[in-house]
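I sat down today to look up a few spots in a protein model. These are my notes, written as I went.

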Amino acid sequence: MDLLIKGGKIVTADAAFKADIAVKNGKIAAIGVNIKPEAGAETVDAADKLVLPGAIDAHTHLAMPFGGTISADDYEAGTRAAACGGTTTVFDFVLQDFGESMVDAVKRRQAICEPQAVVDYAFHVGVKDVSDGLLDTIDDSVKYGVPSFKVFMVYDFGVTDGVFYQVLEKSKKAGALIAVHAENNEMVNMLTRRFLSEGKTSAWYHYLSRSEFVEAEADERAIQWAKSLNAPLYIVHLANKQGMDAVTKARDEGYPIFAETCPHYLYFTSDVYKREDGRNWVCSPPVKGRESREALWSGVKRGDISTIATDHCPFQQNEKDWGIDDFSKIPNGCAGIENMYPYMLSEANKGRITFNKAVELCATNVAKIFGCAPQKGVLQAGADADIVIYDPKKNFTIKNEFMHGNNDHTIWEGVELKGYPIATYSRGSLVYKDGEFLGSKGAGKFVKCKPIKLTGPDLRNIKF
Ligand code: DUC
Ligand code: ZN
Ligand code: ZN
C-alpha cells in the first residue's frame, strides 16, 4: 500500500458511505472500514471531508488554433488548471486536417500533448474530410482507443448534412459515438451579415445571431438523422430549451441520444451580453435566456442531461477585445476547466442536486459514455486512483488570481462557491493541495477508450 485515505465520506454516483481507501501502484487497492495502514504508506485524514472520483472533462480545446489565434491554455496549463479543480482526465478535440486519416490526426496532437499533460487525457476527432476512403479510417481510430468523433454544423470547418449522415452511418458499424455541435450555419451567417450591415456590432448581437431557435433547429435535425439510423448521438454543449425538449422526447422513445451541457449555461443568462465586457462571455453556442437555463436544470434533475463538460477554450483579454466594434471578430470560447467540478459540487452542497448526481454527471457518466469506465470515473477496487478530497465547509470566491491556467480573466470572477476541493490525486499522486499545484509536466497518460456498448431493450443504458 502506498497511500491510505482514512475516515472520509465516499461519494459515488449511487452511494455515499464512510470508509477508507487504500491505494497501491496508482490503483485503488481496497475500499473498506478500518483498513490498517501498512508500513511506508502515507495516511491522509479525511474526516469530515467527502472523497470523490476525479472529474472527467469530456470537452476541451487546448492550444486550439481558432478565431485567428490559439486558445490560451496549452496541454500543460489546461491540465494543470484541471487538476486544481478536481478534474483528473480531459478529452481534448483533435481537428482532422483535410486529407489526413483520423488516427494520424490523433497521433499528431498526441505528440504535442504527451510531454505536457499533467493529468490523464483522451481524444475525440473533429471530422472535416471523409473523401477518398477517409471515412473508413474511423475504424483505425476506434482500434487505437479513440472511438468518439465530432461533427460541427457551423464554422468554416463544419460538415454538410450529407457528410454528417455518412459519419453517423459509419459510427453504427464501427461502434463509434458521434458528437455534434448543433447550430444552423445559414442562419448564423445571414443574421451576422445583417446585424453588422445595420451597425449592430455589440456582443448582444452575437447572441441574437445564434439565439434559441438557431440552435434548436439544428438539435432537432441532428436527432432526426440519428433516430432514422438508430445511431447513438451525443449533443455537445446543449444550451436551449427546445433542444432539451427534443432530447427528452427522443430518450423517452428509447433512442440513445445523450446531451452534455456546461456550467456557464447553468449559471449565466444571455443578459451577460448586455454588459460592457459582454464579449468575454462570447462562445458558441451563446448562453441563452432564463427559460433555457431552467429547462437545462430540469434536464439535469430528470437525467436527460447525461454529462457536464466545459468546452474550455480561453482567449486573452486583448484577443477578446478584437471584437469591441464587431462581435464577429471575437474569438469564441471561455475558460472553465478549473470551475466545473467546484461549481457542480457547490450546487450540490447548496441542495439543488445531490452529490451523487454531481459525481454521475461530471465523472461516472462521462466514463461510461466515452468508454473509459471502470478505469476512470468511479471509486472501486481496480480503478485508477483518481481521487478528490472535498471540504464542504470551505467557502471559495472565484478570482482569476487563484486560477491555475494561462488566461488573464475569467467569466466566473466573484462567483461564490459553497465547499471546494482541497486535494486531487492523479493515479495516486498528489497533484493539487490547498490551492497549490503539485503535479509534474508529462506525468499524464493517454487513456485508451473502448467503443460504446448499448444494451437493449432500453438503448440509453450503457454497459461497461
Ligand atoms: N465554441 C466555442 O465557443 N469555442 C470553441 C469551439 C466552439 O464550438
Ligand atoms: Zn462546439
Ligand atoms: Zn467545443
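My entries below go from the ligand to the metals and then to the backbone.

**Ground rules.** This is a predicted model, where local features need pLDDT of at least 70, side-chain atom pairs count only at pLDDT 80 or more, and totals for chains, interfaces and linings use all residues. Residues are numbered from 1 along each chain as its sequence is written, chains are lettered from A and ligands numbered from 1 in the order in which they are written, and side-chain values use heavy atoms, with hydrogens and water left out.

**Entry 1: ligand 1.** Which residues surround ligand 1? I found His61, Phe66, Tyr155, His181, His237, Cys283, Ser284, Asp311, Cys313, Asn332 and Gly333 (near means a heavy atom of the residue within 4 Å). I sorted this shell into four nonpolar, six polar and one charged (Ala, Val, Leu, Ile, Met, Phe, Trp, Tyr, Cys and Pro count as nonpolar, Asp, Glu, Lys and Arg as charged, and the others, Gly among them, as polar).

Next I looked up its polar contacts (pairs of N or O atoms within 3.5 Å; the extra donor, acceptor and adjacency conditions apply within protein). An oxygen of ligand 1 is 3.0 Å from a side-chain N or O atom of Tyr155, and an oxygen of the ligand is also 3.0 Å from one in the side chain of His181. A nitrogen of ligand 1 is 2.8 Å from a polar backbone atom of Ser284. Taken alone, ligand 1 exposes 230 Å², and the protein buries 100% of that (Shrake-Rupley areas, 1.4 Å probe).

**Entry 2: the zinc ions.** What are the protein donors of the zinc ion (ligand 3)? I noted His59 (NE2), His61 (NE2) and Asp311 (OD), 2.0 to 2.1 Å from the ion. Donors are N, O and S atoms within 2.8 Å of the metal (3.2 Å for Na, K and Ca), and water is not among the atoms, so sites may look incomplete. Along the chain, the donors of ligand 3 follow the spacing H-x1-H-x249-D. His61 lies in the loop between β6 (55-60) and β7 (65-66) and Asp311 in the loop between β15 (307-308) and α11 (317-320), so this pair ties together parts 250 residues apart in sequence. Helices (H or I, at least four residues) and strands (E, at least two) are DSSP runs, numbered from the N terminus.

For the zinc ion (ligand 2), I got His181 (ND1) and His237 (NE2), lying 2.1 Å from it. His181 is in strand β12 (residues 177-181) and His237 in the loop between β13 (233-235) and α8 (241-252), 56 residues apart. The two zinc ions, ligand 2 and ligand 3, are 3.3 Å apart.

**Entry 3: backbone oddities.** Most residues other than glycine have a negative phi, and most peptide bonds are trans. I still found a cis bond from Ser284 to Pro285, omega near -5 degrees. Pro285 lies in the loop between α9 (263-267) and α10 (290-302). Ala373 and Pro374 are also joined by a cis peptide bond, with omega about 0 degrees. Asn230 has a positive phi, near 50 degrees, and lies in the loop between α7 (212-229) and β13.
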